[in-house]
Amino acid sequence: MKQTIIKDHMTLNTFGNEIAATIGYFDGLHLGHQSLINETIRVAKERNLESAIITFDPDPWTVVNDKHKVNHITPMKEKVRVAQSLGIDHLIIINFTKDTSKLSPMEFIEAYLVSMNVRALIVGADFKFGFRGQGNVAFLKEHAHYFFDTLIHELDLSNEKKIGTTMITQALLRGDVKTASELLGRDYVISGFVVDGRKQGRKIGFPTANMDIVDEYVIPAEGVYAGLVEVQGEVFKAMLSIGHNPTFDSTERLSVETHILDFDRDIYGELIKHTFVEHLRGQVKFDSIEALVEQMKEDERKTRTVLADKL
């Protein structure tokens with residue numbers, strides 16, 4: 001997959017190869033997005049074009065509404081990783097600014113899509129673009145047909161559920177990682193660097209890797225989860241705790257800690273990637289350290305059971 005970052009449409013040169021593209025912010029790259037992408041790949045092959053995802057960074061909604069530090073299911077680094085796994089030829093990232101948001105629909109078509117050598121644009125029926133979302137499918141059909149074909153891809157909603165980013169985010173925020181994974185078409189993943197912690201887990205026989213989440217991920221609800229951790233190129237079974245350490249004097253900052261099973265290495269400073277498989281329980285304040293240890297032993301038993309067929 002070739003990745004192209006467009007910082008300013010004024011300096012955009014025409015792409016050498018003609019492309020079939022789908023366009024959007026695509027937070028999550030969930031099953032609905034994947035359906036659009038798969039259709040884009042199909043059209044590209046059928047028409048002897050190269051396939052492309054056109055997306056934006058930062059999130060247009062945050063730029064238009066002057067918002068900062070908004071969490072996403074797939075921050076850009078994660079989006080790039082997932083996009084590559086989908087078999088697309090090009091990932092084109094447009095740097096979205098206030099100036100970009102002020103382009104009229106026709107200006108956007110001419111500045112970006114024509115310059116990118118788009119020959120087929122695959123979008124959903126509700127696609128909107130340009131200043132205040134004034135451009136839509138009807139506009140594309142009427143005004144863009146001189147440059148490219150607009151193909152409307154109807155999603156299969158036979159399961160009576162509209163797969164959407166909001167639905168996935170809400171599932172994560174209530175700790176329902178199974179539903180989130182079903183809608184994403186893959187298990188939910190966050191990543192971060194291992195940093196020094198208070199080492200309370202080590203004192204009770206459950207050492208943890210404290211994660212510093214650098215990117216703006218949607219963090220699932222407080223609680224304990226069974227999952228997998230990738231570290232130093234290897235994958236291990238693990239249980240992850242999200243919360244404020246209520247049994248040990250509660251901390252103001254949300255803590256994300258992973259106890260990696262059957263693992264004993266110094267990994268401070270390492271980037272680790274945690275995959276959520278199942279929610280085990282909510283965050284609890286125990287009456288004693290002994291009660292916490294007994295519960296963690298039970299959490300580990302459940303984790304091993306849940307992950308028995310993994311790896």
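Is Tyr-112 buried or exposed? In this predicted model, Tyr-112 is buried, with a relative accessible area of 1%. That residue makes a convenient entry point to the aromatic contacts, but a brief overview of the whole chain helps to set the scene.

The protein contains 10 helices and 14 strands. Its C-alpha atoms fill a box of roughly 70 × 35 × 35 Å, taken along the principal axes. Of the 311 residues, 50% are buried. Contacts reach far along the chain: among those between residues at least 6 apart in sequence, 75% join residues at least 24 apart. The protein exposes about 15,800 Å², and carbon and sulfur atoms supply 48% of that area.

Returning to the rings, the count comes to nine aromatic pairs. One of them joins Phe-108 and Tyr-112, which form a tilted pair with 5.1 Å centre to centre and 40° between the planes. Both residues lie in helix 5 (residues 105-114), four residues apart, or about one turn of the helix. An α-helix has 3.6 residues a turn, so residues three or four places apart point the same way. Like its partner, which has a relative accessible area of 1%, Phe-108 is buried, in this case with a value of 5%. The two rings also belong to one aromatic cluster, made up of Phe-56, Phe-96, Phe-108, Tyr-112, Phe-127, Phe-129 and Phe-139.

Phe-108 is buried, as noted; another pair brings together Phe-236 and Phe-263, whose ring centres are 4.9 Å apart and whose planes stand at 70°, so the pair is edge-to-face. Phe-236 lies in strand 12 (residues 234-243), whereas Phe-263 lies in the loop between strand 13 (255-260) and strand 14 (271-281), so this pair ties together parts that are 27 residues apart in sequence. Phe-236 is buried at 14% relative accessible area, and Phe-263 is buried at 18%.

Helix 3 (residues 76-85) offers a view of packing between helix and strands. Its buried residues are Met-76, Glu-78, Lys-79, Val-80, Val-82 and Ala-83. The cover over these residues includes strand 1 (2-6), strand 3 (50-57), strand 4 (90-95) and strand 9 (189-195). Lys-79, one of the buried residues of helix 3, places its charged end over the ring of Tyr-25, 3.6 Å from the ring centre. The helix is followed by Gly-87, which has a positive phi, near 85°.

Strand 9 also contains Val-195, which is partly exposed, with a relative accessible area of 30%. Together with Phe-193, Val-214 and Leu-271, Val-195 forms a nonpolar patch on the surface, and the four have about 320 Å² of accessible area together.

Turning to charged pairs, a search of the whole structure finds 15 salt bridges. Among them, Glu-230 pairs with Lys-273, with the closest N and O atoms 3.4 Å apart. This bridge links distant parts of the chain, as Glu-230 is in strand 11 (residues 223-231) and Lys-273 is in strand 14, 43 residues apart. Glu-230 is partly exposed at 33% relative accessible area.

A salt bridge between Asp-262 and Arg-304 has its closest N and O atoms 3.0 Å apart. Asp-262 sits in the loop between strand 13 and strand 14 and Arg-304 in helix 10, so the pair ties together parts that are 42 residues apart in sequence. Asp-262 counts as exposed, at 63% relative accessibility, while Arg-304 is partly exposed, at 32%.

Helix 10 also holds a bridge within itself. Arg-301 and Glu-298 both lie in this helix, three residues apart, about one turn, and their closest N and O atoms are 2.8 Å apart. Arg-301 is partly exposed, with a relative accessible area of 48%, and Glu-298 is partly exposed too, at 28%. Elsewhere, Glu-39, Arg-42 and Glu-46 are linked in a network of salt bridges.

Finally, Lys-310 is found in the segment after helix 10 (289-306). Lys-310 is partly exposed, with a relative accessible area of 27%. Leaving aside residues up to four places away in sequence, Lys-310 touches Asp-187, Leu-228, Lys-237 and Val-277. Of these, Lys-237 lies 73 residues away in sequence, yet its C-alpha is 8.1 Å from that of Lys-310.

Methods: Residues numbered from 1 in each chain as written. Predicted model: local features only at pLDDT ≥ 70, side-chain atom pairs only at ≥ 80, totals over all residues. Heavy atoms only, no water. Buried < 20%, exposed > 50% of the residue type's maximum accessible area, 1.4 Å probe, protein only. Helix = DSSP H or I, 4+ residues; strand = E, 2+ residues; numbered from the N terminus. Contact = heavy atoms within 4.5 Å. Phe/Tyr/Trp six-rings, centres within 6.5 Å; stacked < 30°, edge-to-face > 60°. Lys NZ or Arg CZ within 6 Å of the ring centre and 35° of its normal. Patch = residues over 30% accessible without salt bridge, like charges linked within 9 Å, V, L, I, M, F, W, Y side chains within 5 Å. Areas by Shrake-Rupley, 256 points an atom, 1.4 Å probe, with all protein chains shown as cover. Salt bridge = Lys/Arg side-chain N within 4 Å of Asp/Glu carboxyl O.
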